[in-house]
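Student: I have a protein model on my screen and would like to understand how the descriptions of it are justified. Could you take me through the reasoning?

Tutor: Gladly; here it is, and we can start with its overall pattern.

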Amino acid sequence: MNSEDRRADAPSKIRSVHRAQIDRGPWPDFESFSRAEYSETRLRSAALDWERRANLEYASVHEFAALLDAMTRLGAPASFAGALARLLTDEARHTELCQRMTEVLRGAPLELQPVTPPYAAPPSSNAPLLQWAIDVVLTSCCIGETLSIPMYEALVVRTTDPVAEATIRQIRRDEYLHSTFGWETLEWLLGLSPNGVDADTQRVLSRRLGQFERGCYAGVALSEVVDFEHVIEPSTEPNLGTLSAKDFAVIFYATIESEVLPRFDALGFRGMDAWKSRYE
Ligand SMILES: [Fe+2]
Ligand SMILES: [Fe+2]
């Protein structure tokens, strides 16, 4: 299929995200959160996690807005814009959900941090713009959103507080769709690229995998805490919607191996090679 054919229509899953109506769950009842039930230390440490989450969600709003601009400049079918608009409103909603959760934990308002983009600004000419879009989708949607699915599944298991759990369930509902958007869109973008997965694109994957491993859990080096015997079970202590570095590490490595690398292989990458050379 040549790149003109590729532009004619979007994959069917992208079309259905764009065409289907959105069914929203009710907003969590933040007013019912009871600070008095928890120690100050527990509240403060959970608030830091939720604040970090709020700022990451806010950064996703920025990324998807920039991607929407890039996709339309690349001539993508309207379904991509429709699906991205859906992702944008989801991430704006996630931002506010995490912001509100932080506020009830802190008992004080939270101002979001202005976004420092993790990518350079989108280039003005088309070939580098395509490479830019491939990088953003590969990183934020394919790796990032695919990791989010089991992270939020684990958060549902761990969380004991009903308001925190309702907030997590709201966000979790959208992550599967976001990850699907990523894989479908990456395949479509690679089809526009004359060389498909070339050496540069393979290197981008490698570098981004290394960055995820280094930066995922608030700067904790995941390789130092991983323990493959570790199982995610309901918390025996109160939990306000947090995962330990160990939880995080075990989910990260399992998902990279069983989900992320095989899906990159299916698109023509050499996933395991990219993983092995992530620090070169
Ligand atoms: Fe999100
Ligand atoms: Fe997401």
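Student: What pattern does the protein follow along the sequence?

Tutor: This is a predicted model, and read along the sequence it goes α-α-α-α-α-α-α-α-α-α. The secondary structure comes to 10 helices and zero strands.

Student: How do you know whether the radius of gyration agrees with a compact globule?

Tutor: Set the value against the rule: a compact globule of 280 residues would have a radius of gyration near 19 Å, and the protein has 19 Å, so the two agree. The C-alpha atoms fill a box of roughly 60 × 40 × 30 Å along the principal axes. As for contacts between residues at least 6 apart in sequence, 80% join residues at least 24 apart.

Student: Let's look at single helices. How do you know what α3 should span?

Tutor: At 1.5 Å a residue, the 34 residues of α3 should span 50 Å; the end C-alpha atoms are 50 Å apart, so the span agrees. After α3 comes G75, which has a positive phi, near 80°.

Student: And what makes the span of α5 agree with the expected one?

Tutor: The 33 residues of α5 should span 48 Å at 1.5 Å a residue, and the end C-alpha atoms are 45 Å apart, which agrees. Helix α5 also has a kink of about 30°, centred on L138.

Student: How does α7 do by the 1.5 Å a residue yardstick?

Tutor: Helix α7, residues 199–215, has 17 residues and reaches 24 Å from its first C-alpha to its last, close to the 24 Å expected. Buried residues in α7 are T201, L205, S206, R208 and L209. What covers them includes α5, α9 and α10.

Student: Why is F264 called buried?

Tutor: The cut-off is 20 or more other C-beta atoms within 10 Å. F264 has 24 such neighbours, so F264 counts as buried. F264 lies in helix α9, and, leaving aside neighbours within four places in sequence, is in contact with L205, F269 and G271. F264 and C142 are 122 residues apart in sequence, and their C-alpha atoms are 8.8 Å apart in space.

Student: Then why is L112 called partly exposed?

Tutor: Exposed needs 12 or fewer C-beta atoms within 10 Å, and buried needs 20 or more. L112 has 17, so L112 is partly exposed. You will find L112 in the loop between α4 and α5. Not counting residues up to four places away in sequence, L112 touches A54, N55, Y58, T95 and Q99.

Student: How much of the whole protein counts as buried?

Tutor: Of the 280 residues, 37% count as buried.

Student: And what makes up the largest nonpolar core?

Tutor: A nonpolar core joins buried residues of types such as Ala, Val and Leu through C-beta atoms within 7 Å. The largest one has 63 residues, and those with the most contacts inside it are A133, I134, V137, L186 and L189. Helices α2, α3, α4, α5, α6, α7 and α9 each supply at least two residues of this core. The largest share, 13 residues, comes from α5.

Student: Which residues does A133 touch?

Tutor: Not counting residues up to four places away in sequence, A133 touches L67, A70, M71, L74 and L189.

Conventions. Residues are numbered from 1 along each chain as its sequence is written. Chains are lettered from A and ligands numbered from 1 in the order in which they are written. This is a predicted model: local features need pLDDT of at least 70, side-chain atom pairs count only at pLDDT 80 or more; totals for chains, interfaces and linings use all residues. Helices (H or I, at least four residues) and strands (E, at least two) are DSSP runs, numbered from the N terminus. The expected span of a helix is 1.5 Å times one less than its number of residues. Two residues are in contact if their C-beta atoms, placed from the backbone, lie within 7 Å. The radius of gyration is taken over C-alpha atoms; the globule rule is 2.2 Å times the number of residues to the power 0.38. The bend at a residue is the angle between axes fitted to the seven residues ending there and the seven starting there.
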